[in-house]
2 protein chains.
Amino acid sequence: MSYVVGIDGGGTKTTCLFNKPGSFSYPGSDSAFIVTGEGTNPQSVGFKTMKERLRRLLSNGLSTFNITAGDISAVSCGIAGLGSSQDIKHTEKIIKEIFLELDFSENLFLSVHSDSFIALYGAIPEDKEEGILVISGTGSNSLGIINSGEFFRSGGWGHFLGDEGSGYQIGMHALQHLTKAFDKRGAPTLLTEKILNFMNWDHLMEVRNFVYQHKADKKEIAAFAKLVIEASEERDEVAVRILKKAAEELVLHVESLHLQSGDFHKDTPVMTAGSIFENSAVVMNYFQQQIHSRDLGVISPARSTPVYGACLLAEQLLKDNRKVR
Amino acid sequence: MSYVVGIDGGGTKTTCLFNKPGSFSYPGSDSAFIVTGEGTNPQSVGFKTMKERLRRLLSNGLSTFNITAGDISAVSCGIAGLGSSQDIKHTEKIIKEIFLELDFSENLFLSVHSDSFIALYGAIPEDKEEGILVISGTGSNSLGIINSGEFFRSGGWGHFLGDEGSGYQIGMHALQHLTKAFDKRGAPTLLTEKILNFMNWDHLMEVRNFVYQHKADKKEIAAFAKLVIEASEERDEVAVRILKKAAEELVLHVESLHLQSGDFHKDTPVMTAGSIFENSAVVMNYFQQQIHSRDLGVISPARSTPVYGACLLAEQLLKDNRKVR
């Protein structure tokens, strides 16, 4: 009995899916062998904790589903926070140590990727080998793969330098518009009241302490995005403008992938992921309409989740390596 | 013999001007009694160091110009970093301690202001009692005073929340445009080469470390503004666009003051200060043109410097208090 394993290592949660090649189960289906554990982004938790958590997760999966370590044929992971090829090599080394410690087979295949890459791989429709995935949650970025397997990306420069169209940027624009409205440099907006209520602030000046003394982090700023979305549903003009600008930035990501590859076309499947697309009709509608009207692709539902993409990559690894032998 | 003293306490330098009421000397003129010392912004150096440095500066001035402490009749200061009325009260208390320690007269008058306020007061033309000052250096803000003495401000929310049109924002936009150009999400720009050269970077990816690991501060980011100005002079479109956007934000500050007061008019003198106005013809020209075409005032040269404004405030203090008695 052979198994492939996919791992999706995020900032707050790590998911691990065990699948039998030839009879794959989607995450969410009753027959899926899936375990979850704490976040394993090495930029947040360090490589040592990443190793401990990945080992515990794998060991937990093996015992939960009564799988013998030696029956695992291939493992693919997508781990958040792997910024350089050096990080990827270091992570490969660490995971190979885990394999030794847990008595995995010596012929096991392993591949380590960014979390975005397994998300793209899991999202591409079953009958396609190319596609574009645009992600907008706390951060934002966009990835595309063409039939040849060549891979392109846009964005993902982090909250200060980039992440255009992300929850962070939407939240920050909301705060900036508050100060503009306060100064009468911009239109009045429902956001003022909503943010004061949400934060339990008596006066807008408290926003200064929140940003400079408390040094609000990117997640705290991104949390304001949901208030912007709420205000947009009440037709607040400032909120709608912020969200349309975000959507426009996300369209630019797709345009960028077209310019980078030259191989994408008007029928390329374009998938979306992340809380901003999921929760904002303004962002989703503007994005879809622009993708179609600018011939940048066909909006398609994602096939499955990132951890499923990792399993597909593990299976691919197995096939490719068998072919070679 | 009576003297009034003006103090301009900045982040990196503090200036102190001693003047005889009735025969004021401008800073820069040969007869001006002026001494300078280190920065006294209490947010950067703490209140204790602020006190030490102010005492040293005053004591230095008295001995340099052979003035008896008891001959000082009024002191006005503008100190950077005084964010709240509590900060101002605390600073007043500290300066009164210095007066005691240095044997100043007990009948001495004192007023403490923000650095922006003395800048406005020093800038207003001699024959006017109203005016608007727009400042764009590392940060940005705008202040106005009307004939009744009522005072208005716009901006100055700091580099994350506001400072629109500032060197920081110009620098940050430059970095964001670099990443956009790299991704082909934006037009190519001379800024890429200029910034790589300036920073001695081999590859643009080093910008990530600069921002996230090195955690570049607002001054380091604002330093890129001069490269944007350079590129604009070589007609780089991206640079020109960044600077025009900055200028537009600075015009909004003036518009805001008009909306706040209702008393400013098309002949209100509008003065500018700070390195961005001084160094960028694009910003200055666009700003001047918009101020005139939108009837927001008449661009006027500043009368003098902030420390001179502080001296004028000290003199005013003396007059007002004499009137009362």
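The questions and answers below go through sheets, helices and domains in this predicted model.

Student: Which strands stand at the edges of the open sheet of five strands in chain A that has the order β3-β2-β1-β4-β5?

Tutor: In this sheet of chain A the pairing is mixed, and strands of a sheet in general pair through backbone hydrogen bonds, either parallel or antiparallel. A strand at the edge has a single partner strand, so one side of it is left without a neighbour in the sheet. In chain A the strands in that position are β3 (33-38) and β5 (109-114).

Student: In β2(A), what is the bridge partner of A:G6?

Tutor: Strand β1 of chain A covers residues 3-9 and strand β2 of chain A covers residues 13-19, and the two run antiparallel, joined by six bridges. Within β2(A), the residue that partners A:G6 is A:L17.

Student: What angle does the direction of helix α3 of chain A make with that of β5(A)?

Tutor: Helix α3 of chain A, residues 115-123, packs on the sheet, where it touches β1, β4 (72-79) and β5 of chain A. Taking the direction of this helix against that of β5(A), the angle is about 105°.

Student: In the hairpin of β7(A) and β8(A), which residue takes a positive phi?

Tutor: Strands β7 (residues 140-145) and β8 (residues 151-155) of chain A run antiparallel and are joined by five bridges, with A:L143 standing opposite A:R153 in β8(A). The hairpin has five residues between the strands, and the positive phi, near 95°, belongs to A:G149.

Student: How far apart do the C-alpha centres of domain 1 and domain 2 of chain A lie?

Tutor: The domain assignment divides chain A into domain 1, made of 3-124 + 304-324, and domain 2, made of 131-299. Their contact takes nine residues from domain 1 of chain A and 12 residues from domain 2 of chain A. Between the C-alpha centres of these domains the distance is 30 Å.

Student: Are helices α5(B) and α6(B) roughly parallel or roughly perpendicular to each other?

Tutor: Helix α5 (residues 167-182) and helix α6 (residues 190-199) of chain B pack with their axes 9 Å apart, at an angle of about 110°. Angles of 65 to 115 degrees count as roughly perpendicular. The two helices α5(B) and α6(B) are therefore roughly perpendicular.

Student: How many nonpolar residues does the contact of α5(B) with α6(B) have?

Tutor: From α5(B) the contact takes B:A174, B:L175 and B:L178, while α6(B) provides B:L191, B:T192 and B:I195. Sorted by class, the contact has no charged residues and one polar residue, and the number of nonpolar residues is five.

Conventions: Residues are numbered from 1 along each chain as its sequence is written. Chains are lettered from A and ligands numbered from 1 in the order in which they are written. This is a predicted model: local features need pLDDT of at least 70, side-chain atom pairs count only at pLDDT 80 or more; totals for chains, interfaces and linings use all residues. Side-chain values use heavy atoms; hydrogens and water are left out. Axes are lines fitted to C-alpha atoms, for helices over the stretch in contact, and angles run from 0 to 180 degrees between N-to-C directions. Helices (H or I, at least four residues) and strands (E, at least two) are DSSP runs, numbered from the N terminus. Angles under 35 degrees count as roughly parallel, over 145 as roughly antiparallel, 65 to 115 as roughly perpendicular and the rest as oblique. Contact means heavy atoms within 4.5 Å. Ala, Val, Leu, Ile, Met, Phe, Trp, Tyr, Cys and Pro count as nonpolar, Asp, Glu, Lys and Arg as charged, and the others, Gly among them, as polar. Domain bounds come from an automatic or database domain assignment. Two strands pair if DSSP finds at least two bridges between them.
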